[in-house]
Amino acid sequence: MHAVPLAATTRGYAETGYTVENVHAGSIAVVDTTGRLLAWAGDPQYPTFTRSALKPFQALPFLLSEGPAKFGLLEEELALLCASHSGEEKHLHGVRSILGKIGLDAGHLECGCGVPLYYEYNNMPVPQDQTWTPLHHNCSGKHSGFLAWCRQHDVSTTGYVAPDHPLQQAVRAALADAVKLPEAKLPRGIDGCSAPNYALPLASLAHLYARLAQGPRDAQLGNALGPLFDAMTHRPDMVSGTERSDLVLMTAGGGDWVAKIGADAVQAVGIRSKGIGIAIKIADGNNRGLHTITYNVLDQLGLLDDEKRTVLERFRQPLIRNARGAVAGDIRPLFTLQHA
C-alpha cells in the first residue's frame, strides 16, 4: 500500500501556533461512471474492506428480484436497508415495520445487540436502565432486508449471515457481477454485524458510487440503483441520524449527492450531476480526520459553493477541545489530489 499523508492533528496555543502531533495516511480515488480514474491520492487500487459503504449493494439481490414491491416497502424503509442508523425512534419503527411486513420480529435478527449510535453522536450519556436488542443495532435495517429476501425466496431465516447461506451467495454473486471481478478475487471477512463483507480496490468502490448516483440511468443495475438512490437522498435521516456525517453530506448535496460511511475510516460519495464517485480510506482506521478529508476532496473537485460550504463548515478544519472546552489544536488536510 502506498498511502500518503491525508490529515494531521495539531496541538498548541492560539497565541504561539500549533504543531503537528499526529498524521493519518491513506488513499483516495475519484472515478467516472465508466470506471476511469480521474483523480487520486495514495493508492487508488488499495484493497479496502468496504464495511457499511457496501450496504446499498448488499441489497441488490432483494431489489433485483423486486422484493420491495412484493412486501410493500415504503421509501423510508428502503433507505433503512442501506443504513447505519442511530437507533432513533423513527429508525426502530421502520425496522419493526419491515419485520412485520415479512412476518418476523426482532428475535430473527442476527446482527447482535448494540447501544444506539444516537448517544455517542449527540454527546449524551447512555441510559443505564435500558436493555438493548438487535433492533437497536445500527445494521438492523440491512438485516431486515436480508430476512425479507429469505422470506421472498422461501429459504431458512436461520443462519442467514453464514457465507454459504443462499442469501450471502446471492450477495457475493451480485457484487462480483457489478464490479466485474471473479468472486475468488473478492477477499471476504466478517463485519461487525456478523454478515460477510468484501474488500474491493478503492477505485472499484468509487465506481460503484458513481453508478449508484446515476440511479435508473445505469444500464446494468438501474432497476435497483434508481430506487436505492431515491430512498437514500430523499430520506438521508433514515440512512444516518441526527448529527451524523452522511445526513450532513446528503443535505448539503440537495439530492445530487449520495453518501455512505463505513467503519474503520471508509467514506464513499456519488455525485449525480458530475457523473463521478469518490472513495476514501484512512490506513490506520482512525475516523478522526475522515470528515475533514472528505470536505477537502469535495473542495478540490470544485463541488462546493457558498451554501454547501456553510452546511459543511463543521468538517473543514474542526477544532480539538480538551475536557474543559479549551482549544487544544485542530484537524487539517495535508493532501493535494493528482489528476489524470
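**Group meeting talk: a sheet, its helices, a core and some salt bridges**

Let me start with helix α9, which lies across β4 and β6 and runs at about 105 degrees to β6, where contact means heavy atoms within 4.5 Å, and where axes are lines fitted to C-alpha atoms, for helices over the stretch in contact, with angles running from 0 to 180 degrees between N-to-C directions. Helices (H or I, at least four residues) and strands (E, at least two) are DSSP runs, numbered from the N terminus.

Please keep in mind that this is a predicted model, in which local features need pLDDT of at least 70 and side-chain atom pairs count only at pLDDT 80 or more, while totals for chains, interfaces and linings use all residues. Residues are numbered from 1 along each chain as its sequence is written, and side-chain values use heavy atoms, with hydrogens and water left out.

Now to the sheet itself, which is open and has three strands in the order β4-β6-β5, with antiparallel pairing; two strands pair if DSSP finds at least two bridges between them. Because β4 and β5 (188–190) stand at the edges with a single partner strand each, one side of each is left without a neighbour in the sheet. Between β4 and strand β6 (residues 196–201) there are three bridges, and Pro47 stands opposite Pro201 in β6. Helix α8 (residues 166–179) also packs on this sheet, touching β5 and β6, and its direction makes about 10 degrees with that of β6.

What about the largest nonpolar core, meaning a set of buried Ala, Val, Leu, Ile, Met, Phe, Trp, Tyr and Cys residues joined through side-chain atoms within 4.5 Å? It holds 98 residues, and those touching the most other members are Ile28, Leu212, Ile293, Leu298 and Leu312. Its largest share, eight residues, comes from helix α9 (residues 202–214).

Finally, a salt bridge is a side-chain nitrogen of Lys or Arg within 4 Å of a carboxyl oxygen of Asp or Glu, and by this rule the count comes to 17. One of them joins Arg51 and Asp264, whose closest N and O atoms are 2.6 Å apart, and this pair links distant parts of the chain, 213 residues apart. Is Arg51 buried or exposed, given that buried means under 20% relative accessible area, exposed over 50%, and partly exposed in between (1.4 Å probe, protein chains only)? Arg51 counts as buried at 18%, whereas Asp264, at 39%, is partly exposed. Both residues belong, with Asp191, to a network of salt bridges.
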